Amino acid sequence: MKKILLLAIAAFTAIGAWAVPKMPNLKVDRIEPTNWFVGMKDPTVQLMVYGPEIRDAEATTTYAGVKIDSLVRLDSPNYLLVYLNTASAQPGVMNLTFKKGKLSYDVKYELKAREMSGDRRMGFTNADVLYMLMPDRFANGNPANDKVTGMRSQVCDRNKPSYRHGGDLEGIRQHLDYLNDLGVTALWFTPVLENDSPESPWNDTYHGYATTNYYRVDPRFGTNDDYRRLVDEAHGKGLKVVMDMIFNHCGFEHPWVADMPSNDWFNTHEWLKESKGTSDTRGTSFLRTSYKLAPVLDPYASEFDKKETVEGWFVSTMPDLNQNNPHVMNYLIQNSIWWIETVGIDGIRMDTYPYAFAGPMARWMKRIDEEYPNFNVVGETWFEQPPYTAAWQRDSKIAKENSYLKTVMDFSFYACIDSARVEKTDDQWRGFNRVYNSLVFDYLYPNPSSVMAFIENHDTDRYLKDGKDDLTLKQALALLLTINRIPQLYYGTEVLMNGTKRVTDGNVRKDFPGGFPGDTHNAFTSQGRTKEENDMFNWLRTLLHWRKEPGSDVITKGKQTQFLPHNGIYVVARQYGGKTVMTIVNGTNETATMPVKRYAEIIGNAMVGRDIPTSNHVSLVSDITLTPRQTLILEF
Ligand SMILES: [Ca+2]
Ligand SMILES: [Ca+2]
């Protein structure tokens, strides 16, 4: 009896729900891109319109020169894609009218004049030295934005290595003179876009790789206007800015996750669920990527392995975007152009490059090249064998398809230099032999001068590990800054910052001393630095400033010659316009002798060389004796 009554109530409730007519609704919550630009080589733009049940609306405009090419209705009722053609439009605020039955909704949409024309000086080359930093960990210029009301995380705690520490764009802006004094020429900082995720032990958000809004700087770093101001001031001081972007995935709290625009917006995979049954902490089915990039280029790779790498999620909080959906890719391509036009960035560092679908990524690179021929993009290609990374560089003869990616990262150099730090250079495989053997493969790169090298970054141990050994650090930096590469430094190397990932990634992402309120140790000033820090800073500063001199085109254009390590000593030379630079490193912990006759083809008639960092003069007519782990960068 009781059961029947309950059923009756349920039936009544259901009928009641049917009986109440639904209020018709038509409203636009947001449009992305938030504005667009006229004068682009490709005049079409995809507007992603967000609004409850907007999918079934019609869209019109009466703005002169703008034509609506098509409307694309996705699986979710709450998005509508409007493709505009702006070929003959003038800058101004256009009207867009959305209509559904008798309902009508008007919005204004701005078409700005294009600011960053194709011939503007931009991009970065081997004449630059990139300085990579993490905004949360470099300097806190505005303690008022450390916690922002309304954000999901309200934690800012410098005692916790995996939580936010309060650094921001203002902190970077306040230290541009420090960076200029050090002598770097370009800044790459980890992503600055909104990462509005809850804080949890598995979900640190300070690193910025889980975007929740592609058109907004995270308010804990500042505003979009702050970003523009920082770029403008950096340019005023001769510093370029490289923006870190992620096309492979977004953050779990991006609105696309709760309300998927289309069923194939993300790579979700029923087939993977069945085969591995993985689910994340929130119960969402997903498959983690294997983190193995080999299958992407492996001629023998199984379809399973390829899919797992490219379509698996990076982590449970980073849903994997499906770039094969052309609307997803249009969204991402436009987003990169929007930031170039809006803040004037000089380059992009693309995260997890081979984890995204290669074809659509190549389409992106071609589009950027068409709009900004001088622009440069470096892709994170984390594989430690040069034949792999070489295949990702534009115009590679060993790739199946052209990536059109101008710059790749040299993880081989990183791995070799890391091993050479502790290994004696003796047989033909160990120590600096590794670096020699790695550079051999430059015959595979279409453009070795456009490969980016580094000795550490935010994802690796610090070069120094837990030590402070500046002798091997100087060896690594001397090679990094004189071989045929675009060099990239990591913040704090200049003041001997160390740490390993053994316990937490936060240990390789420590706060820069002096960047935070209450710091008693201030490494931003020579007075605040210790003697050891000043020794390292000044050594590097001298080398970086020398590298910027007009006469240093021996570095950018010079022919490179390397000698097989002999007596434990590794020598690489660069020569151009009658000038020679010879980088000499003693890869042993003993005194070693360098017989000058062996290097006669480089030394020629020169009698003496000047060591660039110390200005000491070294005779080239008699054999050179090197102290344990000594470095010389001789110019003659
Ligand atoms: Ca702050
Ligand atoms: Ca992917």
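This passage describes a calcium site and the surroundings of one arginine in a predicted model. Residues are numbered from 1 along each chain as written, chains are lettered from A and ligands numbered from 1 in written order. Local features need pLDDT of at least 70, side-chain atom pairs count only at pLDDT 80 or more, and totals for chains, interfaces and linings use all residues, while side-chain values use heavy atoms, without hydrogens or water.

The calcium ion (ligand 2) is held at 2.2 to 2.6 Å by Asn 248 (OD1), Val 310 (O), two OD entries of Asp 320, and Tyr 355 (O). Donors here are N, O and S atoms within 2.8 Å of the metal (3.2 Å for Na, K and Ca); water is not among the atoms, so sites may look incomplete. Along the chain, the donors follow the spacing N-x61-V-x9-D-x34-Y. Asn 248, in the loop between β13 (240–245) and α6 (255–258), is thereby paired with Val 310 of helix α9 (residues 303–311), 62 residues apart. Helices (H or I, at least four residues) and strands (E, at least two) are DSSP runs numbered from the N terminus. Asn 248 is buried at 2% relative accessible area, and Val 310 is buried at 11%; buried means under 20%, exposed over 50% and partly exposed in between (1.4 Å probe, protein chains only).

Turning to the arginine, Arg 137 lies in helix α2 (residues 135–138) and is buried, with a relative accessible area of 0%. Its contacts (heavy atoms within 4.5 Å), not counting residues up to four places away in sequence, include Tyr 163, His 165, Tyr 206, Arg 509, Asp 511 and Phe 512.
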